[in-house]
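Visitor: I would like to know what stands behind the labels. Please set each value against its cut-off.

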Amino acid sequence: MAARSIVRFPDPQLRRRSVEIDGVDDDVRQLVAEMTETMVEAEGAGLAAIQVAVPVRLFIVDGHVAGGAEGSPPKVFINPEILEISAEAQTGDEGCLSFPDVFVPVKRGLRARVRALDLDGNSFEAEGEGLYARALQHETDHLNGRLLIDQVGPVKREIIKRKLRKDAEAEREEAADREPARQAGSPG
Ligand code: NI
């Protein structure tokens, strides 16, 4: 089991609509195990499969955020469907592992109710409030190719794009500095 690398904006994969999972088998369970490791390593509250480049309708939410004890395993949602979002809203800073170090205020329903399959293929319903409800709505958006950046106005959107471009450039330069020998020895 290994953590996977996280797909970052503006990678076009993030815009794909993820497809339903046909059956909950060992491949799905393996994917969930790797996503769990990836999310824990990145200290995220949730992660959708498309964020590790697998376009299937599956996301996980940190166990503590989902109402469990601290350090409990993440709650798994396969083929999730939002049943209800409360009219009562919450506005709070929201982040996304595909947008490193970006936090923007997003208005979401205060409560959300979801139906999904668990890792045994059984249907269940879950209702979240506050951060849990926010995560359910955010991760469901991922499955439909909708992203954090769609929640902000055009000016803020440009600022975020510029910041992420700069961060990616800085990372590339750092990586190049770390491997000067390999660069010099490259045949071109
Ligand atoms: Ni996200």
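Guide: Let us start in the sheet. In β6, A112 is the bridge partner of I85. Keep in mind that this is a predicted model.

Visitor: What makes β3 and β6 a pair?

Guide: Two strands pair if there are at least two bridges between them. β3 and β6 have five bridges, in the antiparallel sense. So the cut-off of two is met, and they count as a pair.

Visitor: How do you know that β2 and β3 pair?

Guide: The test is again at least two bridges. Four bridges join β2 to β3, and the strands run antiparallel. One of the partnerships is I60 with V76 in β3.

Visitor: What about β6 and β7?

Guide: Strand β6 covers residues 111–117, and its pairing with β7 is antiparallel over seven bridges. A116 stands opposite F124 in β7.

Visitor: In what order do the five strands of the open sheet lie?

Guide: The order is β1-β2-β3-β6-β7, with antiparallel pairing.

Visitor: Why are β1 and β7 said to stand at the edges?

Guide: Each has a single partner strand, so one side of each is left without a neighbour in the sheet. β1 spans 46–48 and β7 spans 123–129. From one strand to the next, the twist averages 40 degrees.

Visitor: Which helix packs on this sheet?

Guide: Helix α1, residues 26–42. It touches β1, β2 (58–61) and β3 (75–85). The direction of α1 makes about 40 degrees with that of β2.

Visitor: What makes β4 and β5 a pair?

Guide: The requirement is at least two bridges. β4 and strand β5 (residues 99–109) have seven, in the antiparallel sense. G92 stands opposite V106 in β5. A hairpin through two residues joins β4 to β5.

Visitor: Now the metal. Which protein atoms are the donors of the nickel ion?

Guide: They are SG of C96, NE2 of H138 and NE2 of H142.

Visitor: Why are these atoms called donors?

Guide: A donor here is an N, O or S atom within 2.8 Å of the metal. These three lie 2.1 to 2.2 Å from the nickel ion. So they meet the cut-off. Water is not among the atoms, so the site may look incomplete.

Visitor: How are the donors spaced along the chain?

Guide: The spacing is C-x41-H-x3-H. C96 sits in strand β4 (residues 89–96) and H138 in helix α2 (residues 131–143). They are 42 residues apart, and the pair links distant parts of the chain.

Visitor: How do you know whether C96 and H138 are buried or exposed?

Guide: Buried means under 20% relative accessible area. C96 has 10%. H138 has 6%. Both values fall under the cut-off, so both residues are buried.

Visitor: Why is α2 described as largely enclosed?

Guide: Twelve of its 13 residues are buried, so the rest of the structure largely encloses α2. Among the buried ones are Y132, L136, H138 and H142.

Visitor: What is the span of α2, set against the expected value?

Guide: α2 reaches 19 Å from its first C-alpha to its last. The expected span at 1.5 Å a residue is 18 Å, so the two are close. Just after α2, G145 takes a positive phi of about 75 degrees.

Visitor: Why does R134 count as buried?

Guide: Its relative accessibility is 5%, so R134 is under the 20% limit. R134 is found in helix α2. Beyond four places in sequence, R134 touches residues including Q90, D93, E94 and R108.

Visitor: And what makes R108 buried?

Guide: R108, in strand β5, has 8% relative accessibility, so it too counts as buried.

Visitor: Why is the link between the side chains of R108 and E94 called a polar contact?

Guide: The limit for an N or O pair is 3.5 Å. The R108 and E94 side chains come to 2.7 Å, so the distance meets that limit. R108 is also in contact with H138, Q137 and D141, among others.

Visitor: How do you know whether G128 is buried or exposed?

Guide: Its relative accessible area is 2%, so G128 is buried. G128 is found in strand β7. Its contacts beyond four places in sequence are L110, R111, A112, A133 and L136. G128 and G67 are 61 residues apart in sequence, yet 8.3 Å apart in space, C-alpha to C-alpha.

Key: Residues numbered from 1 in each chain as written. Predicted model: local features only at pLDDT ≥ 70, side-chain atom pairs only at ≥ 80, totals over all residues. Heavy atoms only, no water. Donors = N, O, S within 2.8 Å, 3.2 Å for Na, K, Ca; no water. Buried < 20%, exposed > 50% of the residue type's maximum accessible area, 1.4 Å probe, protein only. Axes fitted to C-alpha atoms, helices over the stretch in contact; angles between N-to-C directions. Contact = heavy atoms within 4.5 Å. Polar contact = N/O pair within 3.5 Å; in protein donor to acceptor, adjacent residues only side chain to side chain.
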